[in-house]
Amino acid sequence: GPLVGGLLTEHASWSWIFFVNVPVGVVAIAVSFLFIDESRDETHVRLDLPGLATSAIGLFALTYGLIEANTFGWGSTRILGSFAVAAVALVAFVLLERHQRAPMLPLELFRNPTYTGANLVVLFVALAMFGVFFFMSLYMQQILGYSAVQTGAAFLPMTLLIILVAPIAGKTSDRIGSRGLMTTGMALIAGQLLYFSTL
């Protein structure tokens, strides 16, 4: 991904990173019709439209506020209004999900500490990984003087490690359990982020 993004940025335009997904999506849809059997949930009652609407509005308003805050100012009416809409919609979403007969997100799942812990770990790892991709790409290009392609290539070792380590980690987790592996992995990520913070 980073290497292809670098090639597109350097030889076409940065906006092509969005367009390149269109043919991938078209092929994926065609392949899904050919190779994936249709399945249905016979217990499904109905779509949770209020939950869908409130979560979509809340997440859109939050994302919009975070993206546009530097343009309009963090204290501007537009941004504060956006955050207010996000807060109201997301609180409404939680309240609706608590009382729906067929909620989109059953909140009782979060009573399970394993489920909650696993989701928190995924959240923190994603934040760390995307933070590293974002800031390291800026560091490589603006401080070290790498081109977009060189920056993308510099991320290849991390990408290859993920591809190689993921199946081994999965098998090891089945054999010895996930708690020790996740704890060790999170400690390594924390150490790596501490190291990066000194750049």
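This report walks through a predicted model of a protein, from its overall build down to a few single residues.

**Overall build**

Let us start with the fold as a whole. The protein holds 9 helices and 0 strands, so if you read from the N terminus on, the order of elements is simply α-α-α-α-α-α-α-α-α. How does the radius of gyration of the protein compare with that of a compact globule of 199 residues? The protein has 21 Å, whereas such a globule would have a value near 16 Å. Along the principal axes, the C-alpha atoms fill a box of roughly 55 × 55 × 40 Å.

Burial and surface come next. Of the 199 residues in the protein, 17% are buried. The exposed area comes to about 14800 Å², and carbon and sulfur atoms supply 72% of that area. As for charges, the protein has 9 positive and 10 negative ones, and the mean positions of these two sets lie 9 Å apart. Contacts also reach along the chain: among those between residues at least 6 apart in sequence, 57% join residues at least 24 apart.

**The nonpolar core and Ser-137**

Which residues form the largest nonpolar core? This core has 5 members, namely Val-132, Phe-133, Met-136, Met-140 and Phe-155. In soluble globular proteins, nonpolar side chains tend to be buried together.

Phe-155 is a good place to look around. Leaving aside neighbours within four places in sequence, Phe-155 is in contact with Val-132, Phe-133, Met-136 and Met-140, and also with Pro-2 and Ser-137.

Ser-137 belongs to helix 6, which spans residues 113-143. Is Ser-137 buried or exposed? Ser-137 counts as buried because its relative accessibility is 17%, and the cut-off for buried is under 20%. With neighbours within four places in sequence set aside, the contacts of Ser-137 are Val-132, Thr-151 and Phe-155. Val-132 and Phe-155 both appear in the list of core residues.

**Three partly exposed residues**

Now for some residues with part of their area open. Leu-66 sits in helix 4, residues 49-72, and Ala-87 is in helix 5, residues 77-99. Phe-124 is a residue of helix 6. The table gives the relative accessible area of each one.

| Residue | Relative accessible area | State |
|---|---|---|
| Leu-66 | 49% | partly exposed |
| Ala-87 | 42% | partly exposed |
| Phe-124 | 45% | partly exposed |

What does Leu-66 touch, not counting residues up to four places away in sequence? The partners of Leu-66 are Trp-74 and Phe-83.

Some C-alpha separations help to place these three residues in space. Leu-66 and Asp-48 are 18 residues apart in sequence, with 27 Å between their C-alpha atoms. Ala-87 and Ala-69 are likewise 18 residues apart along the chain, and here the C-alpha atoms are separated by 16 Å. For Phe-124 and Thr-43, which are 81 residues apart in sequence, the C-alpha to C-alpha distance is 33 Å.

Conventions. Residues are numbered from 1 along each chain as its sequence is written. This is a predicted model: local features need pLDDT of at least 70, side-chain atom pairs count only at pLDDT 80 or more; totals for chains, interfaces and linings use all residues. Side-chain values use heavy atoms; hydrogens and water are left out. Helices (H or I, at least four residues) and strands (E, at least two) are DSSP runs, numbered from the N terminus. The radius of gyration is taken over C-alpha atoms; the globule rule is 2.2 Å times the number of residues to the power 0.38. Buried means under 20% relative accessible area, exposed over 50%, partly exposed in between (1.4 Å probe, protein chains only). Contact means heavy atoms within 4.5 Å. Accessible areas come from the Shrake-Rupley method with a 1.4 Å probe; for residues, only the protein chains shown count as cover. Lys and Arg count as positive and Asp and Glu as negative; His and the chain ends are not counted. The place of a charge is taken as NZ of Lys, CZ of Arg, CG of Asp or CD of Glu. A nonpolar core is a set of buried Ala, Val, Leu, Ile, Met, Phe, Trp, Tyr and Cys residues joined through side-chain atoms within 4.5 Å.
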